[in-house]
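User: I am new to this structure and would like to learn how to read it. Could you walk me through it, one feature at a time?

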Amino acid sequence: MAGMYSTHMHLPRMVDMKEKVAEFWQEEATLSQPRKHTLQPIVTGTSVLGIMCKDGVVIAADTLGSYGSLARFRDISRLMKVNDSTIVGGFGDYADFQFIMKLLEQQTIDDNVVGDGVYRDAPSIHNWLRCVLYNRRSKMNPLWNTIVVAGRDFSGKPYLGYVDKIGVSFTDKSVATGFGSYIAKPMMRKAMEENPDMTVEEAKRLMVRCLKVLFYRDCRSLNRFQIGVVTSTESSISEPISADTDWTIGANPSGYE
């Protein structure tokens, strides 16, 4: 008779109802939370400019964070030095750009922890950002930024890339975002046609001139900006500087009285 019954009987497991109730209300609370997607940019930065030259790459952006039409924050940096080979600049929502900067900082920390002496060059960072931005766009929760990547590749060649909030990316000898793509880009193209062997110092002077014109024309810009330079040996970002402006030109236009 003993062989007719198994000694390993499967008894029903005791259910902790308190635990089940807690899980239920936790799920309900999660489902009732509103979607925390950015529906429109709040604090934004305007144009980022970049240009390749004979001995490096130059990138520039002003330090204004606009709250709508209010020039609210006048001392924010929209350029970030990722490593000795790459600088990135951000256009669009500043909070999203801060999130991207944190991701890049963690990437740099991970590279340093490995300690094998290998770092990410500018093309690697550009392609990685393209994947990040396209991934967020595919989830219908984009990062509202356009990123300019300035730097050099492993062979030391200058590199300049562009990627927008839906993952569209390309490389060019000169790039601009925002209002700068309408005003500064033609100025940079003309300067490169007239001087194909432009040096870093000449490119920096061109950037100052472009940013000054943007200050005249773009009501979301500021006459306080930073210029980043990447050469074959290092990368650096300047302290905020200003250009000399002349508002007497305001008396010249006519026909608007």
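Analyst: Happy to! Let's begin with one pair of residues: Arg152 has Pro158, in strand S9, as its bridge partner. This is a predicted model, where local features need pLDDT of at least 70, side-chain atom pairs count only at pLDDT 80 or more, and totals for chains, interfaces and linings use all residues. Residues are numbered from 1 along each chain as its sequence is written, and side-chain values use heavy atoms, with hydrogens and water left out.

User: How many helices and strands are there in the protein?

Analyst: Helices (H or I, at least four residues) and strands (E, at least two) are DSSP runs, numbered from the N terminus. Here the protein has five helices and 13 strands.

User: Which way do S8 and S9 run, and how many bridges join them?

Analyst: Two strands pair if DSSP finds at least two bridges between them. Strand S8 (residues 145–152) and S9 run antiparallel, joined by six bridges. Their hairpin has five residues between the strands, and Gly156 takes a positive phi near 95° there.

User: What about S9 and S10?

Analyst: Those two run antiparallel as well, with three bridges joining S9 to strand S10 (residues 169–171). Tyr162 stands opposite Phe170 in S10. This hairpin also has five residues between its strands, and Gly167 in the turn has a positive phi of about 95°.

User: Is S9 mostly covered or mostly open?

Analyst: A residue is called buried when its relative accessible area is under 20% (1.4 Å probe, protein chains only). Strand S9 (residues 158–163) is mostly covered, with five of its six residues buried. Across the 257 residues of the protein, 40% count as buried.

User: How many cavities are there of 30 Å³ or more?

Analyst: On a 1 Å grid over the protein atoms alone, a cavity is a set of points where a 1.4 Å probe fits but cannot get out; lining residues have an atom within 4 Å of a point. Grid points are joined across faces, edges and corners, and a volume is the space filled by probe spheres set on the points. Two cavities reach 30 Å³ or more. The largest holds about 60 Å³, and the second largest about 50 Å³.

User: Which helix gives the most to the lining of each?

Analyst: For the largest cavity, H2 gives the most, with four residues; the whole lining includes Leu104, Asp111 and Trp128. For the second largest, helix H5 (residues 200–217) gives the most, with three residues. Among the residues lining that second cavity are Thr46, Leu211 and Phe215.

Notes
On a 1 Å grid over the protein atoms alone, a cavity is a set of points where a 1.4 Å probe fits but cannot get out, and a pocket is an open set with protein on both sides within 12 Å along at least five of seven lines; lining residues have an atom within 4 Å of a point. Buried means under 20% relative accessible area, exposed over 50%, partly exposed in between (1.4 Å probe, protein chains only).
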